[in-house]
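Colleague: I am new to this structure, and I would like to learn my way around it. Please take me through it in small steps.

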Amino acid sequence: MSDETNTRAKSEACAIIIFGASGDLASRKLLPALFRLLAENALNERSYILGVARTPYDDESFRQRVNDVLAANRAPTGGLLKRCFYQTVSYEDAGTFKALATRVEELDRTHGVADKRVLYFATPPQLVMAIIGRLRDSGLCVERPGGWVRAVLEKPFGSNLASARQMHEELNGTFEESQIYRIDHYLGKETVQNLLVFRFANAICEPIWNRTYVDHVQISVAETDGIGHRAGYFEQTGLLRDMVQNHLLQLLCLTAMEPPSTMQDCSMRDEKVKVLAAVKSLRPEECSCCVVRGQYTAGEISGKEVPGYRGESGVAVDSVAETFVALRLELDNWRWQGVPFYLRAGKRLPRHTSDIVIQFRSVPASVLRPLLAEQLSPNVLRFRLQPNEGIELRFEAKAPGPRLHVKSAALRFDYADEFGGEPPEAYARLLLDVMLGDAALFLPQMWIEHAWRLLEPVIEHWKGNADGLSSYPAGSWGPESAEMLLAREGRAWATL
Ligand SMILES: NC(=O)c1ccc[n+]([C@@H]2O[C@H](COP(=O)([O-])OP(=O)(O)OC[C@H]3O[C@@H](n4cnc5c(N)ncnc54)[C@H](OP(=O)(O)O)[C@@H]3O)[C@@H](O)[C@H]2O)c1
């Protein structure tokens, strides 16, 4: 079996209702993804899209916008365009939500969609609960016999453990946990799923995927971008909440988890929860030695001068929001006891790249004398999640010649060379999963709570300790203290 799409069902006919349909996420990601699903014959021909927002479009002008968006994103157009509709609402006016419910009923009837609907919340997070309240009152959240209602939520899922729990309680008043799809688009990336296929479809992996063979693991998500127009959001959030609490911890889980009994739904979700439950909690006194937080100052990226974070528009001149985080975690379980997992994420770093690096232990002794064991580089397995998606295994090889010269060489798998073209868009896969009712790649509340519980000591420690913020020039790989985090254990970050 090599082509997974062959085994996937087509979605049932359903309504895809997008709140915030006039916004950036809907335009750049969701609408192109839905049209791609149709082009790939994965979207039921009777499904329809209903865009909802305050901007006063009508069906025709919304279709024109969708058409423009598809062209801008080089997405296929097709018959779905005439099944795109739009409803203007006001979040203050319950009457507009009654009108929305009437519209959905009417569209369901004309398209033969039997009370099956995806409610996608692509609005700023502070609006979501208010919209859900309106939807509950209008009856649109109620599951009818034979139908289903699935709510898709974007991060952030709270800003700490207490707010995540409160959000969950409020959601629970309207939806069952099984109806809630908390999305982390990282998990829909083809290369992230390839990590799972690599681990669980290749028998050679399992025997070496443990503390006996692995020295340490590095997970890096580097961005060249600054904060763009997101100062308001980022000032409140910072990088720990924006990237580490979700994407990086998810990557940690996929790397470290036990084989699930199937790749579907609960089994995989449970295994990921178990990983977070096994991560050793950071004691307050460990937060200064095991966690690095940084903020970029002015510097140069790709030959272009860029301002420091505090010089960005909308940022306070004395802001302590972190734009870089590195941390060292350990897992308290049989497989990974004693193996450090180093995580780092940062903005205004030299390259835009996401990588997982598994560094194996050195050979126990050298038989290649006079070369010493320490002179041989350990094997490194690298998953390049983006860009230049692929996998690389570094190993030692004899350099040609009469003398014994050992050089590092690499076996490379390049996604584009092997399979051609760009990997499919993460949102297409995830939207299809929602329509199929497959929640394996979505985040359960339990996972969210574990993630917050893990980071809460860091958040608390930082609150009382603004001095711990290190600076780094834009275009560098972060503060020196991030290098020290590994250097003091005789290790170094892999070159990205
Ligand atoms: N953009 C991305 O690439 C991206 C990626 C990952 C996750 N996300 C998440 O997806 C969600 C939506 O992001 P987005 O970038 O699409 O947001 P956005 O463009 O700022 O907002 C989406 C829509 O919400 C409405 N809106 C914005 N501010 C509002 C306000 N104060 N009151 C009422 N309505 C308001 C606007 O529609 P109307 O004015 O027409 O009502 C806007 O078109 C966020 O939670 C974000 O974190 C976005």
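Modeller: Happily, and a few terms come first: two strands pair if DSSP finds at least two bridges between them. Helices (H or I, at least four residues) and strands (E, at least two) are DSSP runs, numbered from the N terminus. This is a predicted model, in which local features need pLDDT of at least 70 and side-chain atom pairs count only at pLDDT 80 or more, while totals for chains, interfaces and linings use all residues. Residues are numbered from 1 along each chain as its sequence is written, and side-chain values use heavy atoms, with hydrogens and water left out.

Colleague: Let us start with the strands. How many bridges hold S14 and S15 together?

Modeller: Strand S15 covers residues 390-399, and it runs antiparallel to S14. Within this pairing, Arg382 faces Glu392 in S15. The number of bridges between S14 and S15 is five.

Colleague: And which residue in S14 stands opposite Asp355?

Modeller: Strand S13 (residues 353-360) is also an antiparallel partner of S14, joined to S14 by six bridges. Looking across from Asp355 to S14, the residue you meet is Arg384.

Colleague: How many residues of S14 are buried?

Modeller: Buried means under 20% relative accessible area, exposed means over 50%, and partly exposed is in between (1.4 Å probe, protein chains only). Strand S14 spans residues 380-386 and is mostly covered. Of its seven residues, the number buried is seven.

Colleague: Which residue takes a positive phi in the hairpin of S14 and S15?

Modeller: There are three residues between the two strands of this hairpin. Pro387 lies in that loop, and a cis peptide bond joins Gln386 to Pro387, with omega about -20 degrees. The residue with a positive phi, near 50 degrees, is Asn388.

Colleague: Where else should I look for a cis bond: which residue is joined to Lys155 by one?

Modeller: Most residues other than glycine have a negative phi, and most peptide bonds are trans. Here the cis bond has an omega of about 10 degrees. The partner sits in the loop between strand S5 (148-153) and helix H5 (161-172). The residue joined to Lys155 is Pro156.

Colleague: Is Arg74 buried or exposed?

Modeller: Arg74 is in the loop between helix H2 (59-72) and strand S3 (84-88). Phi of Arg74 is positive, near 50 degrees, although the residue is not a glycine. With a relative accessible area of 77%, Arg74 is exposed.

Colleague: Now the ligand. How many residues surround it?

Modeller: A residue is near a molecule if one of its heavy atoms lies within 4 Å of it. The closest residues are Ser22, Asp24, Leu25, Arg28 and Thr55. In total, the residues around the ligand number 18.

Colleague: How far is an oxygen atom of the ligand from an N or O atom in the side chain of Thr55?

Modeller: Polar contacts are pairs of N or O atoms within 3.5 Å; within protein, one must be able to donate a hydrogen and the other to accept it, and residues adjacent in sequence count only if both atoms are side-chain atoms. A polar backbone atom of Leu25 is 2.7 Å from a ligand oxygen, and a backbone N or O atom of Thr123 lies 3.4 Å from one. For the side chain of Thr55, the distance is 2.4 Å.

Colleague: Which element gives the most to the shell around the ligand?

Modeller: Helix H1 (24-39) and helix H4 (125-138) are the elements that give two or more residues to this shell. The top contribution is three residues, and it comes from H1.

Colleague: Last, the rings. What is the centre-to-centre distance of Tyr296 and Tyr472?

Modeller: Rings of Phe, Tyr and Trp (its six-membered ring) pair if their centres lie within 6.5 Å; planes under 30 degrees apart count as stacked, over 60 as edge-to-face and the rest as tilted. By this rule there are 17 aromatic pairs. Tyr296 and Tyr472 are edge-to-face, with 70 degrees between the planes, and their centre-to-centre distance is 6.3 Å.

Colleague: How many residues apart in sequence are the parts that this pair ties together?

Modeller: Both Tyr296 and Tyr472 are buried, and ring pairs link them with Phe234, Tyr309 and Phe324 into a cluster. Tyr296 lies in strand S8 (residues 291-297) and Tyr472 in strand S17 (residues 469-473), so the separation in sequence of the parts they tie together is 176 residues.
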